[in-house]
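Biologist: I am new to this one. Could you show me how to read the way its helices pack?

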Amino acid sequence: MKAYVVEKLEDKKFESGIKDIAIPEIGENEVLIKATYSSLNYKDALSSVGNPGVTKNFPHVTGIDVAGIIEKSNSTKFSIGEKVLVTGYDLGMNTDGGHQEFVKVPDSWVVKIPEIISDREIMIYGTAGLTAALSINELLNNGITKGNILVTGATGGVGSIAISILHKLGFNTTAISGKEDKIQFLKDLGANEVILRSEFDVENKRPMGSEKFDGVIDTVGGNILAEALKIVKYDGVVTCCGLTSSFELQTNVFPFILRGVRLIGIDSVECKIEKKIAAWEKIASEFKIENLEKLTNEISLDEIKEAYKSLLTGKASGRYLVKI
């Protein structure tokens with residue numbers, strides 16, 4: 001079968017591309033998925049260049065998402081022919097991922113695709129959409145059901161889907177992006193306002209600012225998250241799921257003890273399967289967005305290499321859908 005394989009040539013030197021490899025054999029409580037679609041995420045791009053924080057085992061197949069049909073099953077949970085998806089856990093990290101024609105995984109990682117959504121649609125969402133849905137659920141579950149929401153890293157996968165879902169739910173959204181040429185793209189997705197990153201990501205020694213936002217969905221971390229915390233309204237909620245700006249957070253306690261702001265971490269990788277299933281059900285129904293194609297770049301396995309370059313240099317926007 002064909003697969004996108006990363007190989008280690010020597011210390012800190014890697015190469016990747018399409019190769020023919022053997023179809024894996026499944027063991028007890030495992031299934032073999034005939035892949036129809038996958039997607040690209042920033043973590044995939046890091047894996048493709050041998051980032052040790054993502055992948056340590058080589059040769060390795062990238063792809064932290066996959067959707068498809070059960071081809072073989074040694075599981076009591078899933079039968080041949082069922083439409084399923086997998087996101088997160090170790091898939092695409094040190095377990096061969098979704099960028100291959102057949103994918104072997106433990107049955108405990110697998111979710112049945114809701115009948116009201118296609119495998120193609122659900123992979124446009126992928127890990128990014130799941131993360132966006134989990135973030136929005138935290139806002140809703142903590143009382144933020146209307147108002148103004150700030151979304152950072154807005155042209156990325158999580159940010160662009162979050163803006164679209166929030167718009168559908170009736171929120172006003174403000175997007176932060178470093179891409180001036182994508183302002184109209186973000187407004188087309190539903191952003192009411194766009195702030196350029198250069199205007200927001202500045203050194204500000206004031207411990208607090210004026211109250212502007214009921215909630216924040218942060219995908220980048222670092223100083224942008226620190227500044228966002230300062231301008232959240234009383235009893236507001238901030239979710240954090242990424243670190244493309246920085247993994248460090250230099251902040252103070254004032255937003256938390258004077259305004260009761262809550263900072264909630266989002267992990268879509270190891271969260272309980274029940275939580276994932278509930279989020280996918282929402283994505284297939286009340287969170288399902290109408291402008292999905294506007295943020296979709298569909299590519300083949302052969303086009304992954306070039307797409308990784310765009311992801312690693314910060315030039316990508318929206319979602320990359322990989323047709324297997």
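Modeller: Happily, beginning with two helices that meet: H2 and H3 are oblique to each other. Helices here are DSSP runs of H or I with at least four residues, strands are runs of E with at least two, and both are numbered from the N terminus. Angles under 35 degrees count as roughly parallel, over 145 as roughly antiparallel, 65 to 115 as roughly perpendicular and the rest as oblique. The axes of H2 and H3 (residues 157-168) cross at roughly 55° and come within 8 Å. Axes are lines fitted to C-alpha atoms, for helices over the stretch in contact, with angles from 0 to 180 degrees between N-to-C directions. This is a predicted model, where local features need pLDDT of at least 70, side-chain atom pairs count only at pLDDT 80 or more, and totals for chains, interfaces and linings use all residues. Residues are numbered from 1 along each chain as its sequence is written, and side-chain values use heavy atoms, leaving out hydrogens and water.

Biologist: Which residues of helix H9 are buried?

Modeller: Buried means under 20% relative accessible area, exposed over 50%, partly exposed in between (1.4 Å probe, protein chains only). In H9 (residues 304-312), Ile304, Ala307, Tyr308 and Leu311 are buried.

Biologist: Why do the buried residues of H9 line one face of the helix?

Modeller: An α-helix has 3.6 residues a turn, so residues three or four places apart point the same way. Down the axis of H9, the buried residues fall within an arc of 105° (taken from the directions from the helix axis to the C-beta atoms), so they line one face.
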